[in-house]
Amino acid sequence: MSGVVSYLGGGRAHVERPALEERRGLRWLLIALAMGFLALFLLLPLGVVFLTALRDGVGAYARAVADPETLSAIRLTLTAAGIAVPLNLVFGVAAAWLISKYEFSGRSVLITLIDLPFSVSPVVAGLVFVLLFGARGWFGPLLSDLDVKIIFAVPGIVIATTFITFPLVAREVLSVMQAQGSDEEEAALTLGASGWQIFRRITLPKIKWGVLYGVILCNARAMGEFGAVSVVSGHIRGETTTIPLQVEILYGEYHFAAAFAVASLLALIALFTLVLKHWVAWQSRRSLEPTPAAGAAVPARAVRGAAT
Amino acid sequence: MSVRVEAMCKRFGLRKEVVGVDQVSFTAPEHRITSLLGPSGSGKSTLLRLVAGLEVPDSGKVEIHGEDVTRTPVRERRVGFVFQNYALFRHMTVFDNVAFGLSVRRAPKSEIQGRVERLLSLVQLGGYERRFPDQLSGGQRQRIALARALATEPRVLLLDEPFGALDARVRVELREWLRSMHEQTHVTTLLVTHDQEEALELSEHVVLLADGQIQQAGSPSELYENPRSGFVASFLGGAKVLTGSVAQGKASFGPIGLSTAVDLADGARVEAFVRPHDVRLEKVSVAQLGTELDGSPGASGADSAPRSTEPGAREALVERLVKVGSYVKLSVLLPGGDRLNVQMPRHEVEERGIAQGDRVLLEVRNVKVSPAIDYVI
């Protein structure tokens, strides 16, 4: 389950533990180590991306981004993410609902299967779809009879992206649903609510931040996916290249400034995702924490409420 | 609007290996509070969830006011359910919580407004409409949960250990409050509890469960005064079960020096249920002590004759003595090795000068004697 950080972990309040505190010197050493590592492996490369992208000036940067092939790659990336994310949103919420609310045989198998895309190498995942839908694959003859192209075409890219990003929403929503239990849903049921009313008025408000968090992660991965998409794409310029593939093509042809200009788009998406992620985590923490009014602040508020 | 449960069976687990309830039948009388009482794991909560429809029975029948609702979905059963952990909708205000049942039924706004106001004043939380559940204390939350359950005018109110998560003082307060609220509403109520005091105090009918089966059902005084088994006697009132045998038409229990005339054949095994507060202790006087200095109570044996001049009294050793407010809890070691819990008013203990390690004489009143039945705890 690489790469999935449960957002509930981020919801825990900071706790002071004086007894666990290290000596001052060791603490500074650890902080310096962590910061140095971060600078070397994250900030430096990120800086290089933007510096190289702007090496030939803003004009060259704009030209590289406005190149028809690049624009087509951006369009394809948006299309793939635009289809994969909503699909995984629906699948993910449905799967999480099923697993957390019902007891059935095969439940643990389903939980394991959801993690499958994370445990399989993306390249292997891409190859699986080539073997299924490729010209000489299982469904190859059928597809060519119907004149449907999946591999080396847009549908293949969408399918591969969907497969790779499937666990992100499901896992996130599942952990939130399991943490919250079903008591409120049962209470709503005894009060006469229908299944849809329960989902819309009770479950959805409870899980909305988890869902949004999952969608953000899912979208980031969908836009940045390289391995599986590379296998099924066929690298047809201006047709089946996504942003990461376009970066590879430009780099392979020694258009360094252009390659980094396009790469900087992905870096911007990543930075934007990071900010959004933090905002969502902060929002969900606020909604999870009891309002600090439970004690002394309440009477004051009540008095104010009564006065107005 | 009585509730009838007939031959209810429910097992859990993928292979149905865990017994929830087993062949349970009982009737909860109309307009009354009926307690489902039992230790944890006795199946009482499962039984309540079966009545609500939150669990599907393997076999058996549920009737509400004569109507078979076994196959009726939860939301059409018109039951009010209150959970131990409140299960309030935490993203909704108190008003929206109480109004939920009405708004999903699309009741008119004005009606909802009026009903919620009435209910909040019934649970003494008028003016709290705009608060969120997180801003309320545990007792207040549970009262809101009750108001929410009552909003839809349920035919039956089902309470699943409603005071279980609250501290002792609030629990006693809410118990009083629930009783007075029931006097106003008269809703047929099923109350699940493991607290015998709660059951005896609140309900007019008690169903005592253990291991998924009913041990005894009846009025509180019936269960208390005529326990059908040692389990019932020890669960209600914490009685100690002593076994004895019948000889010449008399049941005798050596350790407490008790013998009672019974209508049983010689050699039959009998049980005596002794409650902690039915035992009085008297300090052994110095004169009596002198004759007994050699033998410890444990070694004196169950078959030797009572040393006391009083009939029905025997000697024991005070092992432990704890003062709990107005009364004193003692644990005494009987000759023969049995231990008996005793509860005495504090002033009596102090007047008699009883202390830990003292030799005492036992005097037992109100002992229930019945033929021994094999029961499973």
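## Chain B at a glance: a buried helix, an open sheet and a shared face

The buried residues of helix α5(B) pack against five elements of chain B: β6 (79-82), α3 (94-103), α4 (109-122), β7 (156-160) and α6 (168-185). Keep in mind as you look around that this is a predicted model. The points below start with chain B as a whole, return to that helix, and then visit the sheet and the contact with chain A.

**Overall make-up**

- Chain B contains 11 helices and 20 strands.
- Of its 377 residues, 42% count as buried.
- Among contacts in chain B with a separation of 6 or more, 65% link residues that are 24 or more positions apart.

**Helix α5**

- Helix α5 of chain B covers residues 138-150, which is 13 residues.
- At 1.5 Å a residue, this helix should span 18 Å, and its end C-alpha atoms are 19 Å apart, so the two values agree.
- Because 10 of the 13 residues of α5(B) are buried, the helix is largely enclosed by the rest of the structure.
- If you would like to find them in the viewer, the buried residues of α5(B) are R141(B), Q142(B), R143(B), I144(B), A145(B), L146(B), A147(B), R148(B), A149(B) and L150(B).

**A four-stranded sheet and its helix**

- An open sheet of 4 strands in chain B runs in the order β2-β1-β4-β5, with antiparallel pairing.
- The edges are taken by β2 (18-28) and β5 (67-68) of chain B; each has a single partner strand, so one side of each has no neighbour in the sheet.
- Strands β1 (residues 3-12) and β4 (residues 59-64) of chain B run antiparallel and are joined by 5 bridges.
- For a concrete pair to look at, R4(B) has E63(B) in β4(B) as its bridge partner.
- Helix α1 (residues 44-52) of chain B packs on this sheet, where it touches β1, β2 and β4 of chain B.
- The direction of α1 makes about 115° with that of β1(B).

**Where chain B meets chain A**

- On the chain B side, 22 residues are in contact with 22 residues of chain A.
- At least two residues of that side come from each of α2 (74-77), β6 and α3 of chain B.
- The biggest giver is β6(B), with 3 residues.
- Sorted by class, the side of chain B that touches chain A has 12 nonpolar, 6 polar and 4 charged residues.
- Two of these elements, β6 and α3 of chain B, touch chain A and also pack against the buried residues of α5(B).

Methods: Residues are numbered from 1 along each chain as its sequence is written. Chains are lettered from A and ligands numbered from 1 in the order in which they are written. This is a predicted model: local features need pLDDT of at least 70, side-chain atom pairs count only at pLDDT 80 or more; totals for chains, interfaces and linings use all residues. A residue is buried if 20 or more other C-beta atoms lie within 10 Å of its own, exposed if 12 or fewer, and partly exposed in between; C-beta atoms are placed from the backbone. Two residues are in contact if their C-beta atoms, placed from the backbone, lie within 7 Å. The expected span of a helix is 1.5 Å times one less than its number of residues. Ala, Val, Leu, Ile, Met, Phe, Trp, Tyr, Cys and Pro count as nonpolar, Asp, Glu, Lys and Arg as charged, and the others, Gly among them, as polar. Two strands pair if DSSP finds at least two bridges between them. Axes are lines fitted to C-alpha atoms, for helices over the stretch in contact, and angles run from 0 to 180 degrees between N-to-C directions.
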